[in-house]
Structure formats: structure tokens, C-alpha cells
Amino acid sequence: MNLMRSTRTFALLVFMLLVTSLNPGVWAQAPLFTSAIASAPHQAPGAAEPWWKHALIYEIYPRSFQDSNGDGVGDLKGITQRLDYLQTLGVDAIWLSPIYPSPQVDFGYDISDYENVDPQYGTLADFDELVAEAKKHNIRIIMDMVMNHTSDKHPWFIESKSSRTNPKRDWYVWRDGKGPGIPPNNWQSEFGHSAWQFDPTTNQWYYHKFYIQQPDLNWRNPAVEKAMFDAVRFWLDRGVAGFRLDAIPTLFEDPQLRDAKETSGTNAYGDPNLDNTYTDNLPEVHDVMRRLRTVVASYPGDRVLIGETYLPNIQELDKWYGGASHNELNLPMDMQIGFTNKLDAGLFRERIEDVETKVHGNQPLVVFDNHDNARSWNRYGDGVHDAAIARVVATMLFTTRATAMMYYGEEIGMVTTTPSRKEDVKDPIGIIGWPKEKGRDGERTPMQWDTSLNAGFSTAATTWLPVAPDYKTVNVEVEGREPSSLLNWYKKLIELRRTDPALRDGALTMLDSTNPNVLSYLRKGPAGAASVVVSLNFTAQPQTVSLDLAAAGVTANNVKTLMTDDSSLQSATSLTHIVLPPFASWVASVQ
Ligand code: NOJ
């Protein structure tokens, strides 16, 4: 996992300054791109395109979105109440972080029953109502499926732990230690310290890639696959549109349990850094993915498989699609683009080109924000131009050819609000790793709806995490009224992406490909229709670009701004000598 954290000093002040200094109404127009990559998307001629190809998938962290019963924790009925908002924003599907019964050690990623709903979030009936109401809003529901591990309170593990001869013993990864008090090998948990936990009842150790309370399932046992695929069918039968597969590259471990090699330095928990060859992304996982794809594809309606795929390079990402066979995940997340974590035009160009050209025409899925990483506002912001930078990020998300995934609150510029005292931390890694690792609470604070108590999230006296202090100005209600708000920037981009034929399907070609400061690209329109050019200044200095579309076979007799956050670019009529102010975004139609 790529857990990045940063503080957000001065963010509110800077946001307010920028918002008030902008000219409202400036964002009423067009998009822009330059460099030709064209790869044929994988699609049988004449076949209807799957719904997810052009979708906006919106991640909801259920604890933090909307509390309907005043207990300070978000719930399913709360999400149902907010469907109008999501529809207006332009959301096609919700990825629901885990809502299953759970001791909540890892806030739902420790599941104790795969076929029910945690009472904190509601009931199965509330879930069915959410699916039905969402459908009326043209919104699908995607479940988070955690297949690598269960909770230690899951009946499977309780049985497995009870004796060495229990029929479920082999459902988990149990081994003898190397000696008294010495674990089977040097593997470490992603969340700090040894990945092995000793169980005195049976004198063996079990493997846990994540928390001690999250024992890993043994995927070499076919009964595990069967049980998990049954859970998958349970939700497909209830009408879900697909799954986001949690930590999916970690399903298998080296059967010989070879020690990991130490790399350099130590991590936030003080452990030596290890090479993860024996614990991550083992090739066996692809057989499981192909079988899972067969199960999911047997249901009507283009159900989708999305992967949480932090991978080292594009070649590995391609394998998760099934490469040229297109028979594994539909949308493994491209974590190389959104988690570049610095505004480097060359790096973004290279990574966008990679996913355009090196995944056998499969559909890219781009994401900048989730519940495990400091918010993109802070990861990309420079503390001075944060709002403009957030617009650059959003423009990339919605104007490349990728399916777009976003995280609640990203659209209003919610910031990372990291606890300042260890005693306030809720996420256990923030307690284990304090002060170097302060945990993920900062990116999980309640959604900011309005200026009322708890930002409209809850009527409780206290909420499970505190509402961020900037909620009086950073919220849906206030930003909805402000034409130049980030929320309205998102809405316009999402609408443009939905309606403009070039942005919808056009091949992407990089322009001005050696420019280290400005990322520009073309989305080529269908014959006779306009193309779109996007140009994004990645620096705090004004930049001048001249874009040549000849190589892409596009003439630019008529240039018209579709969207920009700079008033001088509003009236641009040519692709030569375009002056982009610091961190400006420009999207234009060309014909
Ligand atoms: C990835 C999830 O996104 C994260 O929140 C969780 O802690 C780990 N997987 C373990 O399930």
C-alpha cells in the first residue's frame, strides 16, 4: 500500500483567497491535450460498450458520509438520503467501502460475516433499499470484497484456531515457529512488525499481512475459494454491479516461506524495509482472477471487477487485465498516475502514455484519492496554489480516456485533517506508528455538507472522527452557490466528459511532448466532429505553449475554450502562443 501523508498548513486560507480572487463565471467553457498515443480500446466491433467504460465511480467511506440516526457514525440510510446529490454531481456508481459485520478494528476491512450488514450501518433491508433507490437515480452499487483475510472473530477463524485437526485449520496460514518465540520467517505486516502471531492453544503461528486481527486466508485450499465465491454470488444475486477487490495482489505467499531480503532503511514502525517478492503479486493469483471473472461474467448487466492494484510497473498492471486475453479484472486501478505525488509533467505524460499503449487496449482506471492516502489536495498542493492545483488534478482525472474514480469530499477540496495528539487517533496504525505514521484518520473525516452542526453530517454531540475545522467554507452548500468553486469545476468537467464525443471516446495523443512544465494532450473527435485539447500548467510560473496538431491529423481552424480557470484564456482562438498562468487549466474545442 502506498500510504502517503501530509499536513495541510494554510490550506483554508489559501483556498478562500483563491476563491474570492477568481472571476466567477470564468469556467463556463472548454478542454485541451497534445501527443498522439492512440491505442484501440478492447471492444468487439458493434458490441454495446459496458456501462463502466465511461463511468464516474465514487468511493463512499460509509462511516463518514451521512449519519441518519444521530449516533455519530454514517450509515446506509444516510447514503440513500444523499442520492440526489450524487446524481446531480454525475456519479454512475458508488464503491461502498466494507459494510459487513465487523469488529471494526480496521473499520470494516476485518469482516466477521460476508453475507450481512453491520448493525452500525443498518440492515440487509436498508441495503436492498439503497440498491433500489440508487437504481432510480441511475447509480449502481459496487461492494468492497476483502478476500485476502477475515476478522479473527469470523467463525471460520475461530474454528481454525480451535485445534490443529479442525476441518478449517487449513483455511488459514498456520506454521510452526523456528524455535520457541521465533516466528516462521522474517515477513512483516503492512501495518508494522512481524506478520506472524503465535497462538498458545495450538503452539503454532498464523500469518497476517495486515493487523493481527486480520488472519490471512489460505488460497491454496480450494474450500476457501469456494466459500469466497459463494459470498460473491450472494451479493451479485442482490443486484450489486460488481466488486472492488481489496489488497488483491496479496492473496498468495511463497509456499516455502523463504525469508524476505532486506532492502535499505527502516519503515515508519522502525522495522527494516523488506523486498516483497515472496508476499505480493505472486503469479498464482491470476488463476483465481480468471475463475472469478467467469463467475461474475455469468451474471447479466456487465458486472465489473475492480482491483486495488498497487503495482510496480505497467507490465504488471497489464497482467491484471489478463493482457491480450482480457479475461481477468475489468478495471485494475492504475496507481502509477494518481499517486505520482508530484506535479511532474514528464512523469504524468509517461504514465498516461503507458496505460494508453501498454495494456492491450484494456480500459484504464485512474484514481487520485482514497481512504488510505492523504488527500490529493495535500499531496499535490504547494500550500499557495492549492485550489488551482486541485483543478489541474480534476482536469486530468476527467479528460484522459480513463474510467474515473474519486473519493467523497474530493469534489469540494476536503483536506487531510491529521490528529495532532496520539490519544485522538482511531486508526490503529496511527497508534502503532506514532509519530512517524499518524494513521489514516485525516482522510476519513466526515463529509462536509453545509454550515450547520457537524457540517450536516450528523446530529450527534460527537462524531466518530471530528469534522474538519474548515467546514463553514468548504462544504457542498456554500460551494454549490459559488460559480468558481471546486465543486462547480468538478460538475462542469463531469458533464463535459459525458457529453463531448471527443472526451467520451476520442483517442488520446500527447502534444508538446518534451515540455517539462506543461502537460498537453489531444482527444481526437469522431470524423466531422470537434476534437478537444487540454493544457495544464504544472508550475507556479506562467508558461507559454504552442500546440501543433498536424501530426495527429487534426486541423485547428476554429478554437474555442470549453473550460478554464483563467479569464485571459477564455477568449483564446488559436493554439499558438497560449499563455497559461501558474497552475492554469485550459480545455478547448478544436475543429
Ligand atoms: C486496503 C484497504 O484499502 C485498507 O483500508 C485496509 O486497511 C487494507 N487493505 C487491509 O484490508
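This short talk goes through the sheet, the ligand site, the cavities and two local backbone features of the structure above.

Before I start, please keep in mind that what we are looking at is a predicted model.

Let me begin with the sheet. It is an open sheet of eight strands, paired in parallel, and reading across it the order is β11-β10-β7-β3-β2-β1-β13-β12. The two edge strands, each of which pairs on one side only, are β11, covering 331–332, and β12, covering 365–367. If we stay at the β11 edge, the neighbouring strand is β10, residues 304–307, which runs parallel to β11 and is joined to it by two bridges. Within that pairing, I306 has L331 of β11 as its bridge partner. As general background, the strands of a sheet pair through hydrogen bonds of the backbone, in either a parallel or an antiparallel manner.

I turn now to the ligand. Which residues surround the ligand? They are D106, Y109, H149, F191, F210, R244, D246, E308, H371, D372, R440 and R444. When this shell is divided by residue type, seven of its residues are charged, three are nonpolar and two are polar. Several polar distances to ligand oxygen atoms can be given: for D246, a polar side-chain atom lies 2.8 Å from an oxygen atom of the ligand, and for H149 the corresponding value, again from a polar side-chain atom to a ligand oxygen, is 3.0 Å. In the case of R440, an N or O atom of the side chain is 3.0 Å from an oxygen atom of the ligand. As for how far the ligand is covered, on its own it has 300 Å² of accessible area, and the protein covers 100% of that.

Next come the cavities, of which the structure holds three with 30 Å³ or more. The largest cavity contains about 70 Å³ of space. It is lined by 14 residues, and the closest to its centre are D369, S376, W377, A390 and E410. Which elements give two or more residues to this lining? They are the helices α11 (376–380), α12 (386–399) and α15 (486–499). In character, the lining of the largest cavity comprises eight nonpolar, three polar and three charged residues.

The second largest cavity holds about 50 Å³ of space, and the residues that line it are K53, H54, Q363, T400, R401, A402, R497, L503 and R504. Here the division is into four charged, three polar and two nonpolar residues.

Finally, I would like to point out two places in the backbone. The peptide bond that leads from W434 to P435 is cis, with omega near 0 degrees, and P435 itself is placed in the loop between α13 (428–432) and α14 (476–481). The other place is F107, a residue other than glycine that nevertheless has a positive phi, near 45 degrees. F107 belongs to the loop that lies between β2 (93–96) and α4 (124–136). In sequence terms you may wish to look at F107 alongside D106 and Y109, which are among the residues that surround the ligand.

Methods. Residues are numbered from 1 along each chain as its sequence is written. This is a predicted model: local features need pLDDT of at least 70, side-chain atom pairs count only at pLDDT 80 or more; totals for chains, interfaces and linings use all residues. Side-chain values use heavy atoms; hydrogens and water are left out. Two strands pair if DSSP finds at least two bridges between them. Helices (H or I, at least four residues) and strands (E, at least two) are DSSP runs, numbered from the N terminus. A residue is near a molecule or strand if one of its heavy atoms lies within 4 Å of it. A polar contact is a pair of N or O atoms within 3.5 Å; within protein, one must be able to donate a hydrogen and the other to accept it, and residues adjacent in sequence count only if both atoms are side-chain atoms. Accessible areas come from the Shrake-Rupley method with a 1.4 Å probe; for residues, only the protein chains shown count as cover. Ala, Val, Leu, Ile, Met, Phe, Trp, Tyr, Cys and Pro count as nonpolar, Asp, Glu, Lys and Arg as charged, and the others, Gly among them, as polar. On a 1 Å grid over the protein atoms alone, a cavity is a set of points where a 1.4 Å probe fits but cannot get out, and a pocket is an open set with protein on both sides within 12 Å along at least five of seven lines; lining residues have an atom within 4 Å of a point. Grid points are joined across faces, edges and corners, and a volume is the space filled by probe spheres set on the points.
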